[in-house]
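Biologist: Hey, got a minute to walk me through this model? I'd like to start with the charged pairs.

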Amino acid sequence: GKYHNIQMVNAVYDLDELYALRNLCSCYIHGHSAGGTNPSLVEAMFFGKPILAYDVLYNRETTENKACYFKTTDELKDLLERKTMDSMAMKEIAMRRYTWKYIAGQYKALYDESI
């Protein structure tokens, strides 16, 4: 069928292998349905690839409602059949919201307010 290059991989902890997988993929499918700002989603956003995320509030908030979202396998299939998906929005959001410089600045501002 149309989905012949989809690979489901087990958890990968080797940073070089993880970088290669994220750098070479055509899109990132994020299936997590619970939690908060998920580190694997944020890390994938930096690669400027289309993000297909499970449709929950946490994932929408992290991606500023600019990713592609699915709740069912049929919805995921429909997304995968699209010819174009926005990808650079994810990188822009990641660079604006999820760098250590920005996060450290937020912590510093919080600390400055408390003293």
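Modeller: Sure. This is a predicted model, and in it the side chains of Arg60 and Asp55 form a salt bridge, 2.6 Å from N to O.

Biologist: Is Arg60 buried, exposed or partly exposed?

Modeller: Arg60 counts as partly exposed, because its relative accessibility is 27%, and that falls between the 20% and 50% cut-offs.

Biologist: OK, and which residue does Glu64 form a salt bridge with?

Modeller: Arg96, with the closest N and O atoms 2.8 Å apart. Glu64 sits in the loop between helix 3 and strand 3 while Arg96 is in helix 5, so the pair ties together parts that are 32 residues apart in sequence.

Biologist: How accessible are Glu64 and Arg96?

Modeller: Glu64 is partly exposed at 23% relative accessibility. Arg96 is partly exposed too, at 37%.

Biologist: Which residues are linked in a network of salt bridges?

Modeller: Glu61, Glu64, Glu92, Arg96 and Arg97.

Biologist: How many salt bridges does the count come to?

Modeller: Seven. One of them joins the side chains of Glu43 and Arg22, at 2.9 Å from N to O. That pair links distant parts of the chain, with Glu43 in helix 2, Arg22 in helix 1 and their positions 21 residues apart.

Biologist: And is Arg22 buried or exposed?

Modeller: Buried, because its relative accessibility is 12% and the cut-off for buried is under 20%. Its partner Glu43 is partly exposed, at 38%.

Biologist: Switching topic: which residues gather in the patch of negative charge?

Modeller: Asp74, Glu75, Asp78 and Glu81, on the surface. Asp78 is in helix 4, which covers residues 73-81.

Biologist: Why does Asp78 count as exposed?

Modeller: Because its relative accessibility is 51%, and exposed means over 50%.

Biologist: What about helix 6, how many of its residues are buried?

Modeller: Zero out of 15, so that helix is hardly covered. Helix 6 takes in residues 100-114 and reaches 21 Å from its first C-alpha to its last, close to the 21 Å expected.

Biologist: Zooming out, how many helices and strands does the chain have?

Modeller: Six helices and three strands. Along the sequence they follow the pattern α-β-α-β-α-β-α-α-α.

Biologist: What percentage of the residues count as buried?

Modeller: 31% of the 115 residues. As for dimensions, the C-alpha atoms fill a box of roughly 60 × 30 × 25 Å along the principal axes.

Definitions and conventions: Residues are numbered from 1 along each chain as its sequence is written. This is a predicted model: local features need pLDDT of at least 70, side-chain atom pairs count only at pLDDT 80 or more; totals for chains, interfaces and linings use all residues. Side-chain values use heavy atoms; hydrogens and water are left out. Helices (H or I, at least four residues) and strands (E, at least two) are DSSP runs, numbered from the N terminus. The expected span of a helix is 1.5 Å times one less than its number of residues. Buried means under 20% relative accessible area, exposed over 50%, partly exposed in between (1.4 Å probe, protein chains only). Patches are made of residues with over 30% relative accessible area and no salt bridge: like charges are joined within 9 Å, nonpolar side chains (Val, Leu, Ile, Met, Phe, Trp, Tyr) within 5 Å. Accessible areas come from the Shrake-Rupley method with a 1.4 Å probe; for residues, only the protein chains shown count as cover. A salt bridge is a side-chain nitrogen of Lys or Arg within 4 Å of a carboxyl oxygen of Asp or Glu. Lys and Arg count as positive and Asp and Glu as negative; His and the chain ends are not counted. The place of a charge is taken as NZ of Lys, CZ of Arg, CG of Asp or CD of Glu.
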